[in-house]
Amino acid sequence: MYGATCLVLESIALDGSAYSQRGDTAFSFKLLMSFDFAFILHIMKNVMGITDVLRQALQQKSQDILNAMHLVTTTKISIQKLRDNGWEILLEEVTSFCKYQDIEVPDMDAFFSSMERSRRKTKSITVEHHYRVDIFTAIIDQQLQELNNKFNEQTIELLKLSATLDPKNNYQLFSVEDICLLTSSILKTFLTKKKLI
């Protein structure tokens, strides 16, 4: 699909009916054929591949709470593994993709320069540092932060405890201790909110 999109954009850039259309399309084609685009495309493909399983599961009304919370935990672990161990694999995938698509791959050991960086800063970074820290790690950290905000430990624990009230299988998960913990958590949350108001 990427190749077909490039062909269409290149054709419009060369043969478009209006000058502005050709200019806009040429600019889009240039962005599409950049290492930056290919790099971010691959990161998003990997991150969305991990989170899509969770998204689909949470949209099912028949999903039980314990399984959903297990998927949340598994998703967080998978994203953390991508952050810790996925850099070399990602860079290899992107480099291979770029060579196949005839996209120039920057020298990762070269110094990175950006117009946004202050001239007063004498600290120089490599191209690899820019892509690894400023983009790869930042995107993954943002995704982890979003998951942690929506599903923090307290929320997960509360949902797991509420599973003891599930009538499935004749209250098989029923536990007096868990109901006491659930009541205590709800009361603690209520009192905390009351003090904030």
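This tour proceeds through the main nonpolar core of a predicted model and then through its aromatic residues.

Begin by selecting F35, F39, I43, V94, Y131, F136 and I140. These are the residues with the most contacts inside the largest nonpolar core, which has 30 residues. Next, display the helices α3 (35–59), α4 (65–85), α5 (87–101) and α6 (127–150), the elements that give two or more residues to this core. Helix α6 gives the most, with eight residues.

Now centre the view on I43. Leaving aside its neighbours within four places in sequence, I43 is in contact with L90, I135, F136 and I139.

Turn then to the aromatic rings, among which there are five pairs. Select F35 and F39: the ring centres are 5.9 Å apart and the planes stand at 25°, under the 30 degrees that marks a stacked pair. Both residues belong to helix α3, where they lie four residues apart, about one turn of the helix. F35 is buried, with a relative accessible area of 5%, and F39 is buried as well, with a value of 0%.

Keep F39 selected and add W87. This aromatic pair is edge-to-face, with 5.8 Å centre to centre and 65° between the planes. Because F39 lies in helix α3 and W87 in helix α5, the pair ties together parts that are 48 residues apart in sequence. W87 also counts as buried, at 2% relative accessibility.

To finish, select F35, F39, W87, Y131 and F136 together; these residues form one aromatic cluster.

Notes
Residues are numbered from 1 along each chain as its sequence is written. This is a predicted model: local features need pLDDT of at least 70, side-chain atom pairs count only at pLDDT 80 or more; totals for chains, interfaces and linings use all residues. Side-chain values use heavy atoms; hydrogens and water are left out. A nonpolar core is a set of buried Ala, Val, Leu, Ile, Met, Phe, Trp, Tyr and Cys residues joined through side-chain atoms within 4.5 Å. Buried means under 20% relative accessible area, exposed over 50%, partly exposed in between (1.4 Å probe, protein chains only). Contact means heavy atoms within 4.5 Å. Rings of Phe, Tyr and Trp (its six-membered ring) pair if their centres lie within 6.5 Å; planes under 30 degrees apart count as stacked, over 60 as edge-to-face and the rest as tilted.
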